[in-house]
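Thanks for sharing this one. I have put my notes together as numbered points, so that you can follow along with the structure open.

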Amino acid sequence: MSIKLNYNNMMSSVLGSQGITDGEIESLKPALLKAHATVEQSRGKGMQGWMDSPYNQEELIERINGVAKNVRSKCDAFVVLGIGGSALGATALFGALKHLYYNELPREKRNAPRFYVIDNADPERMNALLDIIDVDNAVFNVITKSGATGETMSQYLIVMDLLTKKLGDRANERIIATTSSNKGNLIKLAQKQNFTTFYIDDGVGGRFSVLSPVGLLPAAVIGIDVAELLRGARDMDERCKNNDIAVNPALAIAALQHISMNKGKNIGVMMPYADSLKYFADWYAQLWAESLGKEHDNDGKTVNAGQTPVKALGVTDQHSQVQLYNEGPYDKVITFLEVENFKNDYTIPDGCEDYADVNFLCGHTLGELMNNELFATRYNLTRRGRMNYTVSMDKVNEYNIGALIYLLQMQTAYAGALLNINAYDQPGVEGGKNATYALFGRKGYEDKAREMAHAPKDSKKYIV
Ligand code: PA5
């Protein structure tokens, strides 16, 4: 396994007074052992069903690959209808493992349909999609665990209406449902209309679902080797079974982040130095934010826990956010994601011999430029006492991405246990969903509607 964590630049031996001491890590050890044991004891139970995902899906993978093969042969576009945890994982896998201009490639180079994820209810997005696909030449994967999410069900209804107008009864063949086997409306619709259906286990929450059919089916359709993703996750899980931070990188990061949060580092920046990992940072932002951002701990105490995730991209954001990281408040921990070898590289050719300020680049590769810029940015930040650590991999492939996903999920589980919060609920998200239902007059939300009607009205004084 090539995934490596280097956290030298978090430590006081490098950062001085801004860093973490060995003593601080030592003092956290009993809590770390407890957090590790808590996570292990719930392996596969309750909302930790996702810890079984690398192991219990062999038969399912065969079915996923079978359906994916069929979909590949019968359509020109594959569209994920979903939002949040039902969309971000597929986007992250697509970005990481497929050609960066995949949809623009000719079909014979893609060997699979074009791929879209509609992670919003924005009518412009729907309009844009319908402008560029033929609905009757597309397959739609409706993904919602609750089977009730308004944005996703609205997307579904619009698409189903169009499909039915074009294809009549055969519209059903164009929908694949991924949902809970026992909750919500999508399962009822799926059974009634005979959709191809995949189930999301009760113990797999949205933001922990990328290695379930939620992420695996879309991945398989576009030709990603999903068995390799799971093999990477399994091998990372082996490391995570160990409760020593010298072996278990997820536990080490949880420890570092926990100590940092206690030192007022309220912002966690994830900065991959690879375009392919740009959407990975989006997926991680949801995982970290929704899991840790909690008002109460498990004992009912008000804690207002969490760390705000920020997405950045190297080197692009060196020309945007890095000024702030270097000279702004000392409130951030920066996670660099480093790819040692790019799949393709370009040597920068000669052509500027008379201009020394440009000529120094000639003969080097773009990959070298990316990685030297990472080195330089990290060096600068470290010299200024800015906390950062690097997770590196030799290359972006299915195995490493599966391992990285699992690492980040485990890190989040340990961080939740250290904070003594429930990392698997999202009352803050439900609050917004319920208020929306009340606004639409949905039955059962009358109390909420009444409460909202009595909310203070906007004062004109503060409207300009
Ligand atoms: O992580 C979560 O649980 C949420 O972000 C959900 O994924 C999101 O709200 C969508 O929910 P559902 O899959 O039920 O439509």
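The points below go through the cores, the ligand site, one helix, and then several single residues.

1. A word on the source before anything else: this is a predicted model. Please read each value below as computed from that model.

2. Let's begin with the largest nonpolar core, which has 101 residues. Within this core, Leu-277, Phe-280, Trp-283 and Ile-401 touch the most other members. Helix α16, spanning residues 398-419, gives the core its largest share, with 13 residues. A second core, separate from this one, holds 23 residues, among them Tyr-116, Ala-138, Val-159 and Ile-175.

3. Ile-401 is a good place to look at the packing of the large core. Setting aside residues up to four places away in sequence, Ile-401 touches Leu-93, Ala-96, Leu-97, Leu-229, Leu-277, Phe-280 and Val-396. Two of these partners, Leu-277 and Phe-280, are named with Ile-401 among the residues that touch the most other core members.

4. Next, the ligand. Which residues come nearest to the ligand? There are 13 residues around the ligand, and Ser-86, Thr-144, Ser-146, Thr-149 and Gln-286 are the ones that come nearest. A polar side-chain atom of Ser-86 sits 2.6 Å from a ligand oxygen. Arg-207 contributes through its backbone, with a polar atom 3.0 Å from an oxygen atom of the ligand. Glu-290 contributes through its side chain, where an N or O atom is 3.0 Å from a ligand oxygen. On its own the ligand would expose 380 Å², and the protein buries 91% of that.

5. Helix α8 (residues 186-193) deserves a closer look. Its buried residues are Leu-186, Ile-187 and Ala-190. These residues lie on the same side of α8 because they cover an arc of only 100° around the axis. As a general matter, an α-helix has 3.6 residues a turn, so residues three or four places apart point the same way. Lys-188 and Lys-192 are exposed on the other side of α8. The buried residues pack against strands β4 (138-144), β5 (175-179) and β6 (196-199), and also against helix α7 (150-167). Just after α8 comes Asn-194, with a positive phi of about 60°.

6. Thr-179 belongs to strand β5. Is Thr-179 buried or exposed? With a relative accessible area of 0%, Thr-179 is buried. Its side chain reaches the backbone oxygen of Thr-144 at 2.7 Å, and Thr-144 is also one of the residues that come nearest to the ligand. Apart from residues up to four places away in sequence, Thr-179 touches Thr-144, Lys-145, Gly-147, Leu-186, Ile-187, Phe-198, Tyr-199 and Ile-200. Of these, Leu-186 and Ile-187 are buried residues of α8.

7. Leu-130 sits in helix α6 (residues 123-132). Leu-130 counts as partly exposed, at a relative accessible area of 26%. Leaving aside neighbours within four places in sequence, its contacts are Val-135, Ile-158 and Leu-162. Leu-130 and Val-159 are 29 residues apart along the chain, and their C-alpha atoms are separated by 9.1 Å.

8. Arg-378 is worth a look for its charged side chain's surroundings: where does Arg-378 lie? Arg-378 is in helix α15 (residues 366-383). It counts as buried because its relative accessible area is 13%, and buried means under 20%. Not counting residues up to four places away in sequence, Arg-378 touches Asn-9, Phe-336, Glu-338, Asn-388 and Thr-390.

9. Finally, some backbone details to check by eye. The peptide bond from Gly-314 to Val-315 is cis, with omega near -5°. Val-315 is in the loop between β8 (308-311) and α13 (322-327). Asn-304, in the loop between α12 (278-292) and β8, has a positive phi of about 40° although it is not a glycine. Asn-304 is exposed, with a relative accessible area of 56%. Asn-420 also has a positive phi, near 55°, and is found in the loop between α16 and α17 (427-439). At 27% relative accessibility, Asn-420 is partly exposed.

Key: Residues numbered from 1 in each chain as written. Predicted model: local features only at pLDDT ≥ 70, side-chain atom pairs only at ≥ 80, totals over all residues. Heavy atoms only, no water. Core = buried A, V, L, I, M, F, W, Y, C linked by side-chain atoms within 4.5 Å. Buried < 20%, exposed > 50% of the residue type's maximum accessible area, 1.4 Å probe, protein only. Helix = DSSP H or I, 4+ residues; strand = E, 2+ residues; numbered from the N terminus. Contact = heavy atoms within 4.5 Å. Near = heavy atom within 4 Å. Polar contact = N/O pair within 3.5 Å; in protein donor to acceptor, adjacent residues only side chain to side chain. Areas by Shrake-Rupley, 256 points an atom, 1.4 Å probe, with all protein chains shown as cover. Arc of directions from axis to C-beta.
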